[in-house]
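Trainee: Please take one strand of this model and go through its surroundings closely. I would like to know how it is paired and what packs around it.

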Amino acid sequence: MLDVSEIFNDPDFAQDIPLRRGQGEYLADGTWTGAYADPVDIVAIVHATKPDDLQLLPEGERHLPNKKIFTPDPISAGDLVLYQGTTWRMSALGDWTEYGFYNGIAVRHDGVAKPDSGGFVVT
């Protein structure tokens with residue numbers, strides 16, 4: 001296998017971004033039970049997704065803005081990434097550790113996209 005992890009040492013490609021790991025779980029109704037840990041910086045390469053990447057997202061998330069994230073650090077579904085002033089939630093994940101990295105697609109997690117937003121109150 002070709003180990004490409006050295007690219008994460010190149011500042012032309014990689015950068016440090018804050019990651020908040022989720023400590024809890026999503027219930028069947030979509031509500032989040034838990035909290036997020038304090039942010040830690042991880043090394044990552046962030047770029048735009050291609051149309052084919054959207055097929056990897058759950059159907060209800062395909063319309064949300066998204067980014068593809070590559071990192072040598074383990075990431076999990078539900079982890080939050082802060083990139084260019086916007087919070088992104090890790091959704092679709094890939095384990096490419098035999099090549100030296102993990103990858104995932106993160107969807108925008110602002111406004112009413114948050115599970116605890118209270119954006120629409122039924123009266």
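Mentor: One term is needed beforehand: a nonpolar core is a set of buried Ala, Val, Leu, Ile, Met, Phe, Trp, Tyr and Cys residues joined through side-chain atoms within 4.5 Å. The model is predicted. In it, the largest nonpolar core has 12 residues: Ile17, Leu19, Ile42, Ala44, Val46, Ile69, Ile75, Val81, Tyr83, Trp88, Met90 and Ala106. At least two of these residues come from each of strand 1 (15-20), strand 4, strand 6 (80-83) and strand 7 (86-96). Strand 4 gives the largest share, 3 residues.

The part to look at is strand 5, residues 66-71. Buried here means under 20% relative accessible area. Of the 6 residues in strand 5, 5 are buried, so the strand is largely enclosed by the rest of the structure.

Strand 5 has strand 4 (residues 40-48) as an antiparallel partner, with 4 bridges between them. Ile69 of strand 5 is the bridge partner of Val46, and both residues belong to the core listed above. Beyond its neighbours within four places in sequence, Val46 is in contact with Lys67, Lys68 and Ile69, and also with Ile17 and Tyr83.

Strand 5 also pairs with strand 8 (residues 101-108), again in the antiparallel sense, through 6 bridges. One of the bridge partners here is Val107 of strand 8, which is matched with Asn66.

The segment after strand 8 contains His109. His109 counts as buried because its relative accessibility is 4%. Its side chain makes a polar contact with the side chain of Arg89, at 3.4 Å.

How values were computed: Residues numbered from 1 in each chain as written. Predicted model: local features only at pLDDT ≥ 70, side-chain atom pairs only at ≥ 80, totals over all residues. Heavy atoms only, no water. Buried < 20%, exposed > 50% of the residue type's maximum accessible area, 1.4 Å probe, protein only. Helix = DSSP H or I, 4+ residues; strand = E, 2+ residues; numbered from the N terminus. Pairing = 2+ DSSP bridges. Contact = heavy atoms within 4.5 Å. Polar contact = N/O pair within 3.5 Å; in protein donor to acceptor, adjacent residues only side chain to side chain.
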